[in-house]
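Please open the model in a viewer and keep the selection tool at hand. The tour proceeds by selections, each followed by a description of what appears there.

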Amino acid sequence: MTGRPNVVVILVDDMGYSDIGCYGGEIPTPNLDRLAAGGVRMSQFYNTARCSPSRASLLTGLHPHQTGIGILTEDQRPYGYPGTLNDRCVTMAEVLRAGGYATYMSGKWHLCGQMDRPQDAWPTRRGFDRFLGTIAGGGSYWNPSTLTRNETPVEDHELEPGFFYTDAIGSGAADFVTAHDPTAPFFLYVAFTAPHWPLHAPEEDIGAMRGQYDEGWDVLRERRAHRLVELGLLESSWDLSDRDPSVKPWTDTPNQEWERRRMEVYAAQVHRMDAAVGRIVAALEATGQLDDTVLIFLSDNGGCAENLPPGWTDEVANRPIHLPACTRDGRRVFRGNTPDVMPGPEETYASYGTAWANLSNTPFREYKHWVHEGGIATPFIVHWPAGGLELGTIRHEPHQLPDVMATVLELTETEYPSVYAGREVLPPEGASMLETWRGNRGQPAGPERTLYWEHEGNAAVRQGRWKLVRKFGQKWELYDMTADRTELLDVAAEHPDVIDRLAAAYQTWADRCGVVPRERILNRR
């Protein structure tokens, strides 16, 4: 080793705050639980509520709007965002490679609009020496679109029988570790699509989850909330949010067998992802590199309440690239959430819906897209045996995605450039978490540290105990996060001075970071 640690960042897709075992969930995740027991968990780490913006922010240390990706990868110019990483940002891979690191990526990219041929925002042109994964976003786990090795498409005939994308991401990452020259440090970015819809899992994995969800979402939400308090991740004084008002009580819910099956498949996806993480950890152990590796695990947004309309995919007009017309062996694929079709097999394409997303985000309310806690709170695990961490501890200081770059720069002793490849780049926005991880309080969350979010017009700002948040087109709400992190008691009427101060701070930030008002995008002007 060179004395500088390896860095592995593992990002999962559409997974809620309380899904994994070490965050109160009933889904068996022994590999992640082991990393948590041998590392540090953060109770108040935040993403940016949607996949592409979170990936952009994580990899660049900027707020997503500064990178050109304010929503997804659609080119909305001249009225909106370009939807592709711009030349004003520099990725973690670019910075670390310039600092002497080998750089690898396995999994989902989803940071550019051009997916059929290489362009400047592809991973191999934004700092990664080697890449195996998909350029597009989510899709079939047996038949993913835009599967690419470096810059060459991986053809269907190259895939082994039984190919499953979650396994391929984990195995590809493990192979990078095994083949790496241990005399130099490496950076590995692993971006799973699991457990993003479609609900796809091998039948044996689904069978292993059978019976877990027979009691329904009401009982399970209560149970998760209790475990979160027992684990020390939540305060007992923070009440569990109510069941989503659009969701019926479990006892009044029809088609319970189908509803249970939806969550069983989702749980199987999470469990399969955990096994893939285990393969990466095993490769680090086998090569003697685990102790000197900083391994970070988190999710890109909260649980997803999106519904998928029913119909045959080969009949969809302007069918998106992630939606397959047929299975690898030629069978038609049925998309949508209907009790007539049990999800899980390759010929289905469904999501788990609002009720189960409400369980995933226990104890919070709202979901992916929104910047209430359910949309932006993520589990966050850091494992670094040689890093002087107090094992099995929980840190409660608030942090958000730009802080990952700042932390990696500090622990790798890497300098962030003001100019990269002849172009000026924006300075990073984050604060290092290293002292937080080591229990030295870290960057304070008082007046000198303010956190900001915006996605699709949903906006929030947090400063110390106060969080100001609003849905698009609605009034600001104010919550005291020390007394009410589940955002149940809006105290806006009692503190107009706090609202004025935080709203002004938010607007200054939004103007500086190039946040495009949603009204302009909707009105196309």
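A residue is called buried when its relative accessible area is under 20%, exposed when that area is over 50%, and partly exposed in between. Arg-243, at 29% relative accessibility, therefore counts as partly exposed. The model shown is a predicted one.

**First stop: salt bridges**

Keep Arg-243 selected and add Asp-218. Their side chains meet in a salt bridge, with 2.7 Å from N to O. Asp-218 belongs to helix H7 (residues 216-231), whereas Arg-243 lies in the loop between H7 and H8, and 25 residues separate the two in sequence. Asp-218 is likewise partly exposed, its relative accessible area being 23%.

Next, select Asp-300 and Arg-55. A salt bridge of 2.8 Å, N to O, joins these side chains. The bridge connects distant parts of the chain, 245 residues apart: Asp-300 is in the loop between strand S8 (293-299) and S9, and Arg-55 is in helix H2 (residues 51-60). Are these two residues buried or exposed? Both Asp-300 and Arg-55 are buried.

Then select Glu-346 and Arg-331, whose side chains form a salt bridge at 4.0 Å, N to O. Glu-346 is in the loop between S10 and S11 and Arg-331 in the loop between S9 and S10, so this pair ties together parts 15 residues apart in sequence. Glu-346 is buried, with a relative accessible area of 12%, while Arg-331, at 35%, counts as partly exposed.

To return to Arg-55, select it together with Asp-13, Lys-108 and Asp-300: salt bridges with shared partners join these four residues into one network. In total, the structure has 41 salt bridges.

**Second stop: aromatic rings**

Turn now to the rings, of which the structure holds 22 aromatic pairs. Select Trp-197 and Tyr-349. The ring centres of Trp-197 and Tyr-349 are 6.2 Å apart and the planes stand at 65 degrees, so the pair is edge-to-face. Which parts of the chain does the pair tie together? Trp-197 is in the loop between strand S7 (186-191) and helix H6 (203-208), and Tyr-349 is in strand S11 (residues 348-349), so the pair ties together parts 152 residues apart in sequence. Both Trp-197 and Tyr-349 are buried.

Select Trp-312 and Phe-334 for another edge-to-face pair, with 5.4 Å from centre to centre and 85 degrees between the planes. Trp-312 is in strand S9 (residues 311-312) and Phe-334 in strand S10 (residues 334-335), so parts 22 residues apart in sequence are tied together here. Trp-312 is partly exposed, at a relative accessible area of 33%, and Phe-334, at 17%, counts as buried.

With Trp-312 still in view, add Arg-332. The charged end of Arg-332 sits over the ring of Trp-312, 4.3 Å from the ring centre. For a second arrangement of this kind, select Lys-467 and Trp-453: the charged end of Lys-467 sits over the ring of Trp-453, 5.9 Å from the centre.

Finally for the rings, select Trp-109, Phe-128, Phe-187 and Tyr-189, which ring pairs link into a cluster.

**Third stop: helix H5**

Select residues 165-179, which form helix H5. At 1.5 Å a residue, its 15 residues should span 21 Å, and the end C-alpha atoms are 21 Å apart, which agrees. Eleven of those 15 residues are buried, so H5 is largely enclosed by the rest of the structure. Among the buried residues are Tyr-165, Ile-169, Phe-176 and Val-177. To see what surrounds them, add strand S3 (102-108), strand S4 (130-134), strand S5 (147-149), S7 and helix H8 (256-286), against which the buried residues of H5 pack.

**Last stop: nonpolar cores**

Select Phe-192 and Met-273, the residues with the most contacts inside the largest nonpolar core, which has 75 residues. H8 supplies the largest share of this core, 13 residues. Apart from this core lies another, of 53 residues, including Val-95, Met-105, Ala-121 and Val-408.

End the tour at Phe-192 and display its contacts. Setting aside residues up to four places away in sequence, Phe-192 touches Met-273, Ala-276, Val-277 and Ile-280, among others. Its contacts also include Thr-166, Ile-169 and Gly-170, three of the buried residues of H5. Arg-55 is another residue that Phe-192 touches.

Terms used: Residues numbered from 1 in each chain as written. Predicted model: local features only at pLDDT ≥ 70, side-chain atom pairs only at ≥ 80, totals over all residues. Heavy atoms only, no water. Phe/Tyr/Trp six-rings, centres within 6.5 Å; stacked < 30°, edge-to-face > 60°. Helix = DSSP H or I, 4+ residues; strand = E, 2+ residues; numbered from the N terminus. Buried < 20%, exposed > 50% of the residue type's maximum accessible area, 1.4 Å probe, protein only. Lys NZ or Arg CZ within 6 Å of the ring centre and 35° of its normal. Expected span 1.5 Å × (residues − 1). Contact = heavy atoms within 4.5 Å. Core = buried A, V, L, I, M, F, W, Y, C linked by side-chain atoms within 4.5 Å.
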